[in-house]
Structures are given as structure tokens and as C-alpha cells.
Amino acid sequence: MTIAGPLFVLGVPLAVAAVLQILRRWTIISVFLAALTAAGMGVLLTLLPLGGVWTFRGLTVELARPLVVMGRVVQIEAADIFVLRYIFFTAAALFLLAWRFLPHSNFFPVGLAAAALFSGAFMVEQVVYTALLVVMGAILTVFPLHESGGAAKGGLRYLVYTVLALPGLMVTQLLLDLFMVFPNDQGLLNTATVLLGVSFAILFGAVPFQSWLSAVSSDGSPPVVTYLFTVNTGTVWFLLLAYFRNYPWLSQQAAFGTLFTTLGLVMMVTGGVLAAAQQRLGRLVGYATLVDNGAMLLALGTGRMEGLALAALLLLARPFSLGLMTLGLQGLRQLTGGLDDHLALEGAAFRAPWSTMAFLVGGIALAGFPLSLGFAARWGLYRITAMTNFANAMVALGSAAAVMLGIVISMRVLLTRPVARPASEAPPPASAPILKEDRLVVVLIVALLLVTLALGFFPRVASNLAVEMAQWYTFFP
Amino acid sequence: MTPFAVWLDRISGVTTTTAVWGLFLSGAVIYFIVEWRLRVLALFAQYLFIGVLFTRVFVDRPEMSLLKVLVGWLVCGALFLSVRIRQTAGERPHFHWAADLPFRILSLVMMTVVAYLASQRYTLPFVPQDLALGCILLAVFALLFIGAEEDAGVVGVGVLNLLAALDLFYSAQDPGLVVTGMLIMVNLLVGLAISYLTVAEVRT
């Protein structure tokens with residue numbers, strides 16, 4: 001029996017996700033089955049050449065074979081392989097990270113199903129289906145976001161903003177198809193550009209649509225938030241590139257560079273200022289991510305292949321830094337019964353040293369400071385930006401420094417020995433203070449720390465991958 | 001004629017203008033009255049009127065309009081269940097007007113005028129003018145619900161209205177089965193997510 005590659009890549013994770021929904025009671029089975037399925041897909045896509053065939057007990061999978069659904073072609077192309085690998089490997093890693101924090105959670109089946117939808121989005125030819133599948137996957141991730149308590153405001157905002165972006169994405173495709181028929185009607189192209197810009201500004205949490213980022217990161221369960229900021233945002237990023245690949249004249253407009261550079265810088269400055277002023281660690285994660293998103297758009301605004309490679313490198317670095325922050329934040333929240341403000345976390349480093357270290361190192365990496373992969377990517381970005389506009393590079397660097405300031409302030413709070421306070425001023429009592437950190441979580445933290453440091457010392461491994469990815473997008477010189 | 005065909009025939013007999021008025025009234029009920037049973041009932045009616053508008057888009061395939069209505073009613077059912085769970089958790093149902101009623105009346109009047117003028121002044125491609133008014137009115141309600149409310153249920157209704165407006169507009173351009181099916185999936189997912197968030201709010 002021969003199966004088309006897209007059916008296998010889409011069908012297997014969806015089928016396993018359905019099984020996992022039944023097996024939710026057994027967390028360990030859920031975690032490993034979800035992680036193995038996602039990692040297995042990633043490995044298959046890495047080891048099997050596109051034209052290759054994989055045979056297992058009479059079942060043959062032809063990766064490049066197209067699947068036709070109601071006249072629409074679904075096919076894995078060479079440029080999609082990198083995207084699919086990113087989605088599946090990141091999802092697999094996050095399932096493992098969430099293991100000890102989300103018992104009996106929906107996150108494992110839902111995360112796997114969302115990964116399948118996201119990967120399916122890049123195998124369909126028309127971008128309108130890509131947009132719809134991305135939105136469907138994004139809506140799915142709302143379900144496990146508030147399982148571990150907290151207000152549901154973050155999930156609601158994320159849902160609203162995601163759906164608000166959908167009309168723009170769908171109408172853009174209509175306008176661009178019309179422009180192909182009437183190439184002299186510049187108005188169509190201008191409207192499409194504006195709509196596309198607004199839609200992606202919403203999806204990336206650009207100013208003034210940034211409220212969902214902070215709401216999600218302060219209310220949501222940290223492992224799910226990390227999934228949302230890495231897999232979901234990564235998918236949105238590749239969706240943007242898919243639009244540029246399908247409609248190359250979009251990126252050839254005169255305003256392209258200015259639009260993305262300005263948007264990126266505004267996001268970086270706003271995120272940096274807000275991150276420096278934060279009193280809650282969850283929100284700090286959200287605003288640091290906003291700065292990182294801005295950096296990616298700034299890299300795109302350079303209008304060069306090198307910029308695209310740097311943006312890809314930033315995306316590759318994010319799961320490591322955010323993963324560390326997640327482990328740290330979740331550990332610190334468990335210590336205080338769900339609170340993550342400075343008042344409650346004073347001196348937490350003495351009770352949860354590994355969680356504190358994970359949060360701080362992850363934060364430093366996300367801010368783009370040494371020693372981390374993020375530093376290599378950001379440094380490259382400052383250099384490439386300075387070549388055309390030195391002031392922009394300084395503004396970007398200043399924004400990163402502001403995030404770093406937020407991390408340093410948090411570090412001071414976490415490392416302050418708590419002083420005895422009157423009962424009226426004491427922070428709310430923790431539901432169950434943990435005196436000893438989970439050993440398995442400590443092992444995960446150490447492993448992630450080592451990988452982050454190793455990639456910081458030897459960024460070439462990741463940068464080669466990023467350059468390889470950028471070469472598939474040929475709309476830039 | 002089968003009962004199904006008779007029912008469809010009657011539905012398509014309602015004029016677009018009547019359906020738009022129906023949309024407006026049901027939307028106004030959701031916006032002005034803070035009582036969940038009435039709100040769900042109004043949403044139920046709103047989906048019926050949306051179905052009437054769809055009969056203008058799917059002229060040759062009325063069953064597609066029926067499908068849209070059924071999906072909307074399914075979402076209403078899910079929302080109703082969530083609200084019931086929320087009510088048993090302590091919130092007692094009672095009829096009262098929204099606290100900021102004068103503001104809501106003013107904003108609805110202003111936005112309706114804007115919607116009417118927009119439908120007169122700008123032509124949406126492939127969308128007849130009366131249908132365009134319905135489309136814009138749904139988008140206006142979406143903005144009002146999302147902007148004026150904090151409650152997950154009402155904000156969710158706003159999101160569903162936005163999707164309905166997009167669905168009407170896009171189906172007029174591309175009435176293909178794949179897009180229609182995917183938009184139905186998005187509607188169902190949004191409905192489920194809203195129902196879940198409505199309950200999650202109470203649990204916390």
C-alpha cells in the first residue's frame with residue numbers, strides 16, 4: 001500500500017492525537033507518545049530525501065507524491081521541509097518540557113493536532129487555505145492554555161486577535177489574484193499590502209495589538225505559552241514568507257523595507273520599555289518575545305537574504321531561550337501558588353535555585369546577550385542594520401538592553417534575602433510551598449542550559465540551517 | 001415536495017432586507033440585554049437570518065445555507081450548555097438592561113448609520129448592495145461586542161459575527177466547497193473555544 005507523503009505527515013499526528021485524548025489519564029504515556037510521534041515526523045523529514053520512499057511492513061510512504069483533495073493539490077515541497085522540521089522538533093521538545101508540569105493535560109493531544117494542522121498549512125498550494133489552517137491550529141492551542149488555573153483573559157484575547165487577522169489574510173489573497181489579472185491596477189496591490197501588514201501586525205502582536213502577548217504570558221500555563229510563542233509564531237512567520245513567495249511583487253514594492261523596519265523597531269522599543277518596567281515575570285516573558293518578534297521583522301525589513309537567514313536564526317534560538325524561561329517560571333510559580341510578581345518572589349532563588357537560574361539564563365538568551373544562540377543572531381542583525389542605518393541599529397540594541405534591564409531587576413528581586421514583614425504586608429500564602437525542586441525538572445534544566453551554552457559557543461551549526469532555509473525563499477536578492 | 005424542500009423554499013422567500021432587519025434586532029438584543037437565555041435565543045435567531053442571507057449567495061445550492069444555519073445552532077447549543085454550567089456555579093439568571101445602556105444605544109445607532117452609509121457608498125465586489133449591508137452590519141456588531149464587553153460569551157459572539165460577515169463576503173467571491181467547509185470548521189472550533197473559556201472563567 002502506497003501513501004502520499006502529505007497524508008502520512010498530516011494523518012499520523014492527527015490519529016495519534018485522537019488516541020492521546022483517550023489516554024490523557026496516563027501522563028507518561030501521553031508525553032512520550034506525543035513527543036515520539038512529533039520527533040519521528042521530524043526525523044523522517046530530515047533523513048528521507050524528498051524524492052525518497054520509506055517502506056515499513058508493506059506500507060510505502062512516498063514523500064513527494066501529491067495528494068489531491070477536491071481538486072486542490074497538497075504536496076510537500078523542498079522549501080516546506082525546513083518549516084515542517086521546525087514545527088515537529090519544537091513540538092516534541094516542548095512536550096518533554098511540559099511533562100512534569102501538566103499532568104493529565106490536553107496539551108499533548110491538542111499540541112500534536114495543532115502541529116499537524118500547521119504542517120498541513122504549508123503543504124497546500126493556495127495561501128488562503130494556509131491561512132485558514134494556521135488559524136484553526138492557533139484556535140486549538142487555546143484549549144490547554146488555562147488548564148492549570150488563572151484567568152481566561154489571555155486565551156480569549158489570543159482567540160479574538162487571531163480571528164481578527166483572518167479577514168485581512170483571506171481578502172489579501174483575493175486582491176492579489178485580481179492584481180494578477182489586472183497588473184496595472186496599483187490600488188489593488190496597495191490595499192493588499194496594507195491588509196497584509198495589519199493582519200500580520202495582529203498575529204505578531206505588533207503595537208497597538210500587543211495586548212494579547214502580555215495577557216497570554218501572564219495568565220497562561222508557561223509550557224503552552226512557549227508552544228504558542230515558538231510553534232504558533234514560527235508558523236505565522238513562515239505564513240508571511242509563503243505570501244511573499246507566492247506573490248513576489250509584494251516584497252518588491254518601494255515601501256516594503258520602510259514598513260517592516262519601522263514596524264520592527266516600534267515593536268522592539270515598545271517591548272523593551274515595557275519589559276524594563278515589569279513587576280511580573282510572566283509579562284516580562286511576553287514583552288521580551290515582543291522585542292524578539294520585532295527583531296525578526298527588522299531583519300526582514302533589510303530586504304536581503306542575509307536578513308532572512310538572521311530572522312530564521314532568531315526563530316531557531318527561541319525554543320531554547322523560551323524553554324528555559326518556561327521551566328524557570330513554572331518552577332517559581334509553583335513555589336508561590338501561582339503568583340509571579342516581584343513581591344511574592346522575593347528571595348525565591350534561595351528556595352528554587354535551578355528554576356531561578358533557568359529563568360535568568362533563558363531571559364538573557366531571549367534578550368540576545370552572550371552566551372547564547374540569540375546573541376549570534378542579534379549581533380548579526382545589529383551589524384547588517386548598521387550598514388544601512390546606524391541609528392536603527394542603536395535603537396534595536398537599546399531595546400535589547402531594556403529587556404536585559406528587566407531581567408537584571410528580576411534577578412535582584414529573586415536574589416534578595418526576604419526580610420520579615422508584618423502580617424498585613426506579607427504576600428498571599430502559597431498553596432503548597434515546594435522546598436525541593438523536582439529532580440527530573442532539574443535534569444531538563446541542566447540539559448537545556450548545556451545546549452544553550454553549546455549553541456552560544458558554536459552557533460555555526462544552527463546558522464548553517466538558517467542559511468539553508470533562507471536560500472529557499474528567493475524573493476530577495 | 002418534501003418537508004425539507006418546503007422549509008427551504010419558505011426560508012428563501014424571506015427578503016434580504018427583512019433578514020438584515022432581523023440581524024439588527026437580534027444583535028441589538030444581545031447588545032442591550034444582560035440575560036443569557038435571551039442572548040442565546042437572539043443568537044439562535046441571528047443564525048436563521050444569516051442563513052437567509054446565505055440563500056442569496058448559494059442560489060443553486062440551498063442546502064449549503066441550511067448547513068450554515070445548523071452549524072450556527074450547534075454553536076448556540078454549546079454556548080447554552082456553558083452558560084448553564086456557569087449559572088449552576090453561582091450566577092443567578094435575571095433580566096436586566098446593560099449598565100451602560102445609553103452609551104450602547106448611542107454607539108449602536110452611530111455604527112448602524114456608518115454601516116448603512118458604507119454599504120451605499122462602497123460596493124463590495126460580487127456582493128449585492130442589500131447583502132453588503134448585512135455583511136457590514138455583522139462586522140459592526142462584531143466590533144461592538146468585542147469592544148464593549150469583557151464576558152467571554154459575548155466577546156465570542158462578536159468573533160462569530162465577524163466570521164459570519166467574512167463567510168458571507170468570501171462565499172460570494174468563491175463559493176467553493178473547500179473554503180466553505182474550512183470556514184465551517186473554524187466556526188465550530190471558535191464556538192467550542194468560547195464555550196470552554198466561558199466555563200474556564202468560572203472554574204478559576
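Is A:Asp340 buried or exposed? At 1% relative accessibility, A:Asp340 counts as buried. Keep that residue in mind, as we'll come back to its partner shortly. One thing to know before going on: what you're looking at is a predicted model.

Let's begin with charges. Side chains of opposite charge can pair when their charged atoms come close. Over all chains, the structure holds 12 salt bridges. One of them brings A:Asp340 together with A:Arg280, at 2.9 Å from N to O. To find the two partners, look at loops: A:Arg280 sits in the one between helix 10 (256-276) and helix 11 (281-301) of chain A, while A:Asp340 sits in the one between helix 12 (305-335) and helix 13 (342-345), so the bridge ties together parts that are 60 residues apart in sequence. The arginine end isn't hidden like its partner: A:Arg280 has 29% relative accessibility, so it counts as partly exposed.

Stay in this part of chain A for another salt bridge, where A:Arg318 meets A:Asp292 with the closest N and O atoms 3.0 Å apart. This time helices are involved: A:Arg318 belongs to helix 12 of chain A and A:Asp292 to helix 11, so the pair ties together parts that are 26 residues apart in sequence. Both ends are tucked away. A:Arg318 has a relative accessible area of 0%, so it is buried, and A:Asp292, at 2%, is buried too.

Now for the rings. A pair of aromatic rings is described by the distance of the centres and the angle of the planes. Searching the whole structure turns up 28 aromatic pairs over all chains. Take A:Phe82 and A:Phe238, an edge-to-face pair with 6.2 Å from centre to centre and 65 degrees between the planes. This pair links distant parts of the chain, with A:Phe82 in helix 3 (residues 78-98) of chain A and A:Phe238 in helix 9 (residues 222-246) of chain A, 156 residues apart. Both A:Phe82 and A:Phe238 are buried.

Helix 9 has another ring to show you. The ring centres of A:Phe204 and A:Trp237 are 6.2 Å apart and their planes stand at 65 degrees; planes over 60 degrees apart count as edge-to-face, so that's what this pair is. A:Phe204 comes from helix 7 (residues 186-204) of chain A and A:Trp237 from helix 9 of chain A, so this contact ties together parts that are 33 residues apart in sequence. Neither ring is out in the open: A:Phe204 is buried at 1% relative accessibility, and A:Trp237 is buried at 0%.

While you're at helix 7 of chain A, look for A:Ala201, which is found there as well. Its relative accessible area is 5%; under 20% means buried, so A:Ala201 is buried. What is A:Ala201 in contact with, leaving aside its neighbours within four places in sequence? The answer is A:Ala206, A:Phe209 and A:Leu263. A:Ser355 is another matter: it lies 154 residues from A:Ala201 along the chain, and the C-alpha atoms of the two are separated by 33 Å.

Next, head back to helix 1 (residues 5-22) of chain A. At 1.5 Å a residue, its 18 residues should span 26 Å, and the end C-alpha atoms are 26 Å apart, which agrees. Among the buried residues of this helix are A:Gly5, A:Pro6, A:Phe8 and A:Leu20. Just along the chain you'll find a charge over a ring: A:Arg25 lies over the face of A:Trp26, 5.6 Å from the ring centre.

Time to cross over to chain B. Its secondary structure comes to eight helices and zero strands. Of its 204 residues, 54% are buried. Among contacts in chain B between residues at least 6 apart in sequence, 76% join residues at least 24 apart. On the outside, chain B exposes about 9200 Å², and carbon and sulfur atoms supply 72% of that.

Rings and charges turn up here too. Ring pairs link B:Trp21, B:Phe24, B:Tyr31, B:Phe32, B:Phe141 and B:Phe145 into a cluster. B:Arg104 lies over the face of B:Tyr31, at 5.0 Å from the ring centre. B:Arg104 also belongs to a network of salt bridges with B:Arg39, B:Asp100 and B:Glu149. Finally, B:Arg37 and B:Glu35 meet in a salt bridge of 3.4 Å, N to O. B:Arg37 is partly exposed at 46% relative accessibility, whereas B:Glu35 is buried at 6%.

Technical notes:
Residues numbered from 1 in each chain as written. Chains lettered and ligands numbered in written order. Predicted model: local features only at pLDDT ≥ 70, side-chain atom pairs only at ≥ 80, totals over all residues. Heavy atoms only, no water. Phe/Tyr/Trp six-rings, centres within 6.5 Å; stacked < 30°, edge-to-face > 60°. Helix = DSSP H or I, 4+ residues; strand = E, 2+ residues; numbered from the N terminus. Buried < 20%, exposed > 50% of the residue type's maximum accessible area, 1.4 Å probe, protein only. Lys NZ or Arg CZ within 6 Å of the ring centre and 35° of its normal. Contact = heavy atoms within 4.5 Å. Expected span 1.5 Å × (residues − 1). Areas by Shrake-Rupley, 256 points an atom, 1.4 Å probe, with all protein chains shown as cover. Salt bridge = Lys/Arg side-chain N within 4 Å of Asp/Glu carboxyl O.
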